[in-house]
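Hi everyone, thanks for making time this morning. I'd like to walk you through a structure, so please have it open in front of you.

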Amino acid sequence: MDAGFQIEDIAPIAILMDELRSEDVQLRLNAIHSIPTIALALGHDRAREELIPFLQDSVDDEDEVLLALAEELGRNFEEYIGGKEHAHVLLGPLENLSAVEETLVREKAAESITKVAAVLSQSQIEQYYIPLLKRLSHGEWFTSRTSSAALYPAVYDKVSPAIQEDLRKGFTSLGSDDTPMVRRAAAKWLGPLLALFSQQHIISDGLPIYRKLQQDEQDSVRLLTVEDLIVIAKRLTPPEVKEQLLRQIKQSIGDKSWRVRYMAANHFNELSEAVGVEIVREELIGQYVQLLKDNEAEVRSAAASQIPGFSKLLDKEVILARIVPCVRDLSQDTSQHVRAALANQISGLAPLLGKDVTIEHLLPLFLHLLKDDFPEVRLNIISKLETVNTVIGIELLSESLLPAIVELAEDKSWRVRQAIIEYIPLLSNQLGKPFFDEQLGNLCMSWLGDTVYSIREAATVNLKKLTEVFGVDWARVAIVPKVVGMGSHPNYLFRMTTVQAITTIVPSLSLEIVRSDVIGPLLELAKDPIPNIRFNVAKALEVMLIAFGNTAEGRAFIQDWITPTLERQKNDMDADVRYFASRALAKVAAPSS
C-alpha cells in the first residue's frame, strides 16, 4: 500500500502500535505476533522507515516478548519490507536482540540472522552483515561475542577469500576469549564452520582453534569439541588423522571429566566411521573397551548404546575376544540404566556373530536380562527380539521368552503390565500367528479381566492392534467369541469390558462379522440392569454408525438393527442413557440430511 492509505487503515495500526507500548505483557506479545499484519497495512516503504526502527528500539522488554520478536523477524519478514534487496534492514533489530542477557532470545536472534543471511546478496553481506559480525565479535559484553559465533558459518562460503581470512581470524579470537561462555559458543559452532573450510585451511587454521578449545580448562567447552573432532576427521586422510588427531582422540576418550568421556562415548560410532576402519582396528578398540568399563554409569550407558555400530567395523573374532566379555560384564552391571541401555542394543550383535555363536554366547545373556529386576531392561530385550529371531529361530527363543512375558504380564505394578501389553502387537508381528495363538492368546484375554481400569482399556486397544496385524478372519475366530462370551458374566465389570472392547475393535472388523457375531450380544446388553453398561452400548452403536454408515449395505444394517435400539434407549429411565442414545440418533440423521 502506498502513502495514500485510507483513514480506516490507520486505526488498527495505531492500536497495534499502542499495544506494543502497553504495560500488559500478553497484549505486547499478541502485538509482536501481529507485526506482519502491521507491515502489510503500512506498505513496504513505511514498514522499513517506521516499523523496523520502532522494533529496533523495543528491546527493553520482557524476555518472552523479545523471543517472539526475534522469531517473527526470521519468518521471511523481508517479504513485508520490499523483498530480498531490503532484507539487510532486519539486521538492525536482530543485532540488538543478539546482545541481550537472556540466552534463548540471543539464540533465536542469531538463528533469525542466519535465515536473513540466506537471502542476502554477496554485496549486501559484505556491506551490512560482515560489519555486524565484527561489531558483535568485538562487543564489550560477552553476550554479543557469544551470539557472534553462530553467525560465521552462514556466510563463510559466500564472501571473498580476503574476507574469509578475516572471518578465520575473528573466530580464532573467539576461541581464545577470556569468557568461558564465548569459548563454549566457539566450540559449538566450530564444526559447522570447519565443514566450509578448504582442505588447506582445515590444517592451517581449523586444527589450531580446535586444539586450543580441546585443551580448555572448562569441561563444558571440552565436551563440545568432540563433534568438532568428528568434522575434522572426516576431512582428513587416515594418515593425517593418525598424525594430527590421534593424540586428541585419546585425550577426549580419557578426559578427567566424565562429561567429556560421555560425549566421546555417545559419538563413538560417528568418530570411528570418520577415522576409518584401519585406525579403529589399530588404535580405538582398547579405547572403546576403556569406555565400556568406565567408573561412571552414564559413560558406560552411552558406550553400551554404540555396541552394534562399533562392532560392525570389527572382525567376528575380535568382537568375541574384546567386546563380548564387556557385554557379559555390563549385563551384571550395578546400574539398572546401564543394563537397560545394553538390553536395547545387545540384539544388534546377533547378525554379526551368526547363529552358533549367538546361541553359545548371547542367548544366556538375553535370558539373564529377561529375568532382570528392572522392568525397562526386560522390555528393551523384548522390543528388539525380531533381530535375534531372524538369527536363531523362534523355537529356541520361545522357550526362554514366554516365561519372562508371563512374569511381566503378572507383575504387581500395573504400569509394568500396561507396558508389556503395548509390546504384544509388536511381539506378535515378530513371532507370528501360530506362536501367538498357542502361547499368548489366553494371556491377552485375561487382561480384559484385570482389576485396574487402565489395563482393561489397554487390553481392548491391544485387541484392535492384533486384529490389524493378523486380519479380521483371525479376529472372528480368536477374539470375537471370547469378548462376546464375557457379555454374559455375572460381574458387571466384565460385561462393561465387553462393550468397551466391541467399541474399540468394531472399526477394524467387517460388517459381515459385526452382523453375524457382534450385534446380537451387544443389543442384549442394551437391556442390562446397570445404566453405565446401557449408555456404553449407545456409545458403541454410535461408533458402528460412523464405521458402517458410508455404504448402502451399512445403512440398511443401521436401519434394521441400530436405530430401533437407540429409539428405545431414548426413552430410558437414566438421563445418561437418554443423552448418548439421542447423540447417536443425531448421527443417524446427519448422513441422510
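**Salt bridges, helix by helix**

Let's start with Lys-169, which counts as exposed because its relative accessibility is 51%, and the cut-off for exposed is over 50%. Before I go further, please keep in mind that this is a predicted model.

So which residue does Lys-169 form a salt bridge with? The partner is Glu-165, and the closest N and O atoms of the two are 3.6 Å apart. Both residues sit in helix α11, 4 residues apart, or about one turn of the helix. Glu-165 comes out as partly exposed, at 38% relative accessibility.

Now please find helix α7, where you'll see a similar kind of pair. Here the side chains of Lys-115 and Glu-111 meet in a salt bridge, with 3.4 Å from N to O. These two are separated by about one helical turn, because they are 4 residues apart in α7. Lys-115 is partly exposed, with a relative accessible area of 41%, and Glu-111 is partly exposed too, at 35%.

For those who like the chemistry spelled out, side chains of opposite charge can pair when their charged atoms come close.

The next pair links distant parts of the chain. Arg-476 forms a salt bridge with Glu-512, and the closest N and O atoms are 3.2 Å apart. Where do the two residues lie? Arg-476 is in helix α32, residues 472-478, while Glu-512 is in helix α35, residues 511-525, and 36 residues separate the pair. Arg-476 is partly exposed at 26% relative accessibility, and Glu-512 is partly exposed at 49%.

There is also a network to look at: Glu-71, Glu-72 and Arg-75 are linked by salt bridges. And how many salt bridges does a search of the whole structure find? The search gives 29.

**Where α11 meets α12**

Let's go back to α11 and look at its contact with α12. The axes of these two helices come within 8 Å and cross at roughly 140°. That crossing makes α11 oblique to α12, because the angle would have to be over 145 degrees to count as roughly antiparallel. From α11, the contact is made by Phe-171, Leu-174 and Gly-175. From α12, the residues are Val-182, Arg-183, Ala-186, Trp-189, Leu-190 and Leu-193. By character, the residues of this contact divide into 7 nonpolar, 1 polar and 1 charged.

Arg-183 deserves a slide of its own. Is this arginine of α12 buried or exposed? Arg-183 counts as buried, because its relative accessibility is 8% and the cut-off for buried is under 20%. Its side chain is joined to the side chain of Asp-216 by a polar contact of 2.4 Å. If we leave out residues up to four places away in sequence, Arg-183 touches Leu-174, Gly-175, Asp-177, Asp-178, Leu-213, Asp-216, Glu-217, Gln-218 and Val-221.

**A covered helix, α9**

Staying with this set of helices, have a look at α9, residues 142-149. This helix is mostly covered, with 7 of its 8 residues buried. The buried ones are Thr-143, Ser-144, Arg-145, Thr-146, Ser-147, Ser-148 and Ala-149. What do they pack against? Their neighbours are α7, α8, α10, α11 and α12, so you can follow helices we have already met.

**Ser-331 and Leu-365**

My last stop is a pair of residues further along. Ser-331 is in helix α23, residues 316-331, and Ser-331 counts as buried, at 0% relative accessibility. Leaving aside neighbours within four places in sequence, Ser-331 is in contact with Arg-339, Leu-342, Leu-365, His-368 and Leu-369.

Leu-365 lies in helix α25, residues 350-370. This leucine is buried as well, with a relative accessible area of 7%. Again not counting residues up to four places away, Leu-365 touches Val-327, Arg-328, Ser-331 and Ile-346. If you'd like a distance to try in your viewer, the C-alpha atoms of Leu-365 and Gln-251 are separated by 33 Å, and the two residues are 114 places apart along the chain.

That's my tour. Thanks for listening, and I'm happy to take questions.

How values were computed:
Residues are numbered from 1 along each chain as its sequence is written. This is a predicted model: local features need pLDDT of at least 70, side-chain atom pairs count only at pLDDT 80 or more; totals for chains, interfaces and linings use all residues. Side-chain values use heavy atoms; hydrogens and water are left out. Buried means under 20% relative accessible area, exposed over 50%, partly exposed in between (1.4 Å probe, protein chains only). Contact means heavy atoms within 4.5 Å. A polar contact is a pair of N or O atoms within 3.5 Å; within protein, one must be able to donate a hydrogen and the other to accept it, and residues adjacent in sequence count only if both atoms are side-chain atoms. Axes are lines fitted to C-alpha atoms, for helices over the stretch in contact, and angles run from 0 to 180 degrees between N-to-C directions. Angles under 35 degrees count as roughly parallel, over 145 as roughly antiparallel, 65 to 115 as roughly perpendicular and the rest as oblique. Ala, Val, Leu, Ile, Met, Phe, Trp, Tyr, Cys and Pro count as nonpolar, Asp, Glu, Lys and Arg as charged, and the others, Gly among them, as polar. A salt bridge is a side-chain nitrogen of Lys or Arg within 4 Å of a carboxyl oxygen of Asp or Glu.
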